[in-house]
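Please open the model in a viewer and keep the selection tool at hand. The tour proceeds by selections, and each stop states what is to be found there.

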Amino acid sequence: MEKRRHISVVIKHILLAVLALIWLIPIIWLIVTSFKLDTGISVSKFFPEKWSAHNFVDLFKDTKYTTDGIMKYKIWFKNTFIIAVFTCLISTTFVLMVSYALSFCRFKGRRFIMNISMILNMFPGVLSMVVIYFLMKALDLTQSHIGMIIVYSAGSGLGYLIVKGYMDTISTSIREAAIIDGCSEAGIFFRVVLPLCKPIIVYQVISSFLMPWGDFVFAKLILGTNSSKWTLAIGLYNMLDKSRLNAHFTHFCAGGLLVSIPISILFLIMQKYYVEGITSGSSKE
Amino acid sequence: MAKKFVAVILSAMMVMSCIAACSSDDKDSDSGDSAGSGDAIQDLIDSTDGTVKLTVWASEEDQELTKTLIDGFKAEYPDVSFDITVEACSESTAKDTVLTDISAAADVFAFADDQINELVRAGALLEVTDSYTFNVSEENLAGSVEAATVDGKLYAYPMTADNGYFLYYDSNVYSESDVESLDAMMAAAAADGSKIGMCVSDAWYLYSFFKGAGFDLGLADDGVTNTCNWNEEGGTDVAQAIIDLCTSGTFVNAGDDAGIMTGVNDGVYSAVVSGMWNAQAIEAAYGDGYAATKLPTFTLNGEQVQMSSFSGYKLIGVNAMSAQAGWATLLAEYLTNEQSQVTRFETRGLGPSNINASASDAVQSNPAIAALAAQAAYATPQRVGGNYWAPAASLGSILAAGNPDNTALQTLLDECVAGIEAAVI
């Protein structure tokens, strides 16, 4: 009996290990290709013959490629980072405010607003692409980072659902206790609700920070042809043009790998609070 | 209440942007009428007051060159103050970027000739009626002028004649007489133990067999639907010839560009069908054996048939909505004139479309450009609608795999042609 259980555990783990390997192959390939000495794409060998870190060095060097706009990695990284930070701040603020109002306050039309915004949020954002472009153009915000930040964060309040759901689990007795102790509405929001919402704030911060790193459609539409304004997604895609593949494919892999760094750092910092928020459990019923 | 306010603001903004767009349209028609004589330039200078603001879109690789050329352009007209911005836009995707918003697109932009139909239909290109400095149709290669022409009207300025495919080979493996026919090449490759690579499953390359055998593929009168007669009598012979080649073992379907370059770098392919964009990489791999020539012939019903190809050109167009149409036209002419094309060849190695420039010794001694020029006699401009690519690619994959399901070849061709000729929704 005991033996049979061991065998089943071993089989399960082998299966999981194989699945994990299959899932990891593309990522491993990206990593090893980014350390390849030869430039250009080659599909006959999984591991490169000669290893080198020159692809990473090239990305940050000022060369002819930088002035041409093929490889302005530093600038693109900075652009994306700035847009991501502001988008993250603004949209997290929006979402928290909307969620608080809808979760704790009772006012006329609350349910109606909730329903409407939920329906609106169900439409994919790209549907409004053309209208957004012309609005941005009328406001002279195309080819500008402010325009990008507006596009990414303006409608974010509609994505209140998850945060509101979390806030709904905070007992109303905490809020009532705060009111009895003479706390203002702002005080309740900042001193009582926010500390209790740390895990979901972390979730919100990470997901809104991620948006500009991965979005291609809006960035391409709004930022257009000025390569100094591009974000990483457009810049990296541009390296894959047929005429540049031989020279820049490994740079593309290295650039793609580096994108994960700021996101990983953010996650590592935030993870502490994430765990802390879950385990502290301050609600005493 | 607030929502109503927002709605009003939004609609007001839309109306305003419409009005703005309309008013700039009016301006265009005024500045567009310029005469074609030598005095026209003087007229243009006289009628210009203030700074001439122009935007130019050139490919990333061309940025430095374009800026140098523009400095030369400014120097030609010292009395006029220019504010010319150069931005990056790859020629292969220019159409998408321009058509996103024509009014926001550059005044002068470079693009690949396969995009011209859609650009013209969208009204993005200013027709070339008169010229200021040189006769565009007479000074450029006939093929490039044809590629810049839609419905008998010239819409763009040919800049390079370097897009298309031909044969790269290792002269240590093949003699000059071997590369005349695929049969001789396959014998030489078999003796050497190497292979010949071509992207048979890529519709762009598959065309070379059918067109070479005399079958047609083109655009219907509406400019978007395809016409194709590959399934007519004799079509199955071409299909069989492709199967025979691909099952021979020495002629290999490389799949895609990555496959071609992998095979060349690994020393598997001693000859490949590819284009200018791989020239440097292939030269590095073949070393002193590096050579290029026109495509070989293939055997069809026991006879030798010359393979055809798509020829591609890069063109410069003037935005039909440009507020400075006169100066934009003059700049487009300058960027594509003989001297600029020579400079472009010298700095970037791109084959000129200008007749005088392309006849120069320097151009002729570049193996890849010479091969492309030799292939030009058998090449046709790429005039196909979007429905061509997927059905032809799937036909190519089936033929390259040796028709594993043994479907009747006629059925395969019928299905493929039905897909190619399908109406565009």
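The stops below pass from confidence to chain B, its interior, chain A and the contact between the chains.

**Stop 1: confidence**

This is a predicted model, and a colouring by pLDDT is a suitable start. Select chain A: its average pLDDT is 86, and 95% of its residues score at least 70. Within chain A, helix α4 (residues 73-104) has the highest confidence, at 93, whereas α3(A) has the lowest, with a mean of 78. Now select residues 280-285 of chain A, where pLDDT stays under 50. For residues 280-285 of chain A the model has 5 contacts beyond four places in sequence. Where pLDDT is low, predicted coordinates should not be read in detail.

**Stop 2: chain B as a whole**

Select chain B and display the cartoon, which contains 19 helices and 16 strands. Chain B has a radius of gyration of 24 Å, close to the 22 Å given by the globule rule for 425 residues, so chain B is as compact as a globular protein of that length. Viewed along the principal axes, the C-alpha atoms of chain B fill a box of roughly 70 × 60 × 40 Å. Of the 425 residues of chain B, 49% count as buried. Among contacts in chain B with a separation of 6 or more, 75% are accounted for by residues 24 or more positions apart.

**Stop 3: the two domains of chain B**

Colour residues 36-155 and 312-364 of chain B as domain 1, and residues 164-308 and 381-420 as domain 2, following the domain assignment. The centres of domain 1 and domain 2 of chain B, taken over C-alpha atoms, are separated by 34 Å. Their contact takes 8 residues from domain 1 of chain B and 4 residues from domain 2 of chain B.

Which helices should be selected on the domain 1 side of chain B, as suppliers of at least two residues each? They are α5 (116-121) and α7 (142-147) of chain B. The largest share of that side, 3 residues, comes from α7(B). By class, the side of domain 1 of chain B that touches domain 2 of chain B has 4 charged, 3 polar and 1 nonpolar residues.

**Stop 4: the nonpolar cores**

The largest nonpolar core has 131 residues. To find the members that touch the most other members, select B:Leu167, B:Met185, B:Ile196, B:Val200, B:Tyr205, B:Ile242 and B:Ala271. The largest share of this core, 12 residues, comes from α4(A).

Centre the view on B:Leu167, whose contacts, leaving aside residues up to four places away in sequence, include B:Val179, B:Ala271, B:Val273, B:Ala292 and B:Ala371. The stretch B:Thr293, B:Lys294, B:Leu295 and B:Pro296 also touches B:Leu167. Apart from the largest core lies another, of 53 residues, among them B:Trp57, B:Ala58, B:Leu69 and B:Ala124.

**Stop 5: B:Ala239**

Next, select helix α10 (residues 235-246) of chain B and locate B:Ala239 within it. Is B:Ala239 buried or exposed? B:Ala239 counts as buried because 22 C-beta neighbours lie inside 10 Å. Not counting residues up to four places away in sequence, B:Ala239 touches B:Leu399, B:Leu409, B:Leu412 and B:Leu413. A distance label from B:Ala239 to B:Gly402 should read 9.9 Å, C-alpha to C-alpha, although these residues are 163 residues apart in sequence.

**Stop 6: the two domains of chain A**

Return to chain A and colour residues 2-60 as domain 1 and residues 67-280 as domain 2. The C-alpha centres of these two domains of chain A lie 31 Å apart. Domain 1 of chain A brings 13 residues to the contact, and domain 2 of chain A brings 15.

On the domain 1 side of chain A, select α1 (2-34) and α2 (54-60), each of which supplies at least two residues. α2(A) gives the most to that side, with 5 residues. The side of domain 1 of chain A that touches domain 2 of chain A divides into 6 nonpolar, 5 polar and 2 charged residues.

**Stop 7: where chain A meets chain B**

Finally, display both chains and select the contact between them: 25 residues of chain A touch 27 residues of chain B. On the chain A side, α3 (64-68), α6 (129-138) and α14 (245-280) each supply at least two residues. Which of the helices of chain A gives the most to this side? It is α6(A), with 5 residues. The residues on the chain A side comprise 12 polar, 9 nonpolar and 4 charged.

Definitions and conventions. Residues numbered from 1 in each chain as written. Chains lettered and ligands numbered in written order. Predicted model: local features only at pLDDT ≥ 70, side-chain atom pairs only at ≥ 80, totals over all residues. Contact = placed C-beta atoms within 7 Å. Helix = DSSP H or I, 4+ residues; strand = E, 2+ residues; numbered from the N terminus. Nonpolar A, V, L, I, M, F, W, Y, C, P; charged D, E, K, R; others polar. Domains from an automatic or database assignment. pLDDT = per-residue confidence, 0-100. Buried ≥ 20, exposed ≤ 12 C-beta atoms within 10 Å, placed from the backbone. Core = buried A, V, L, I, M, F, W, Y, C linked by C-beta atoms within 7 Å. Rg over C-alpha atoms; globule rule 2.2 N^0.38 Å.
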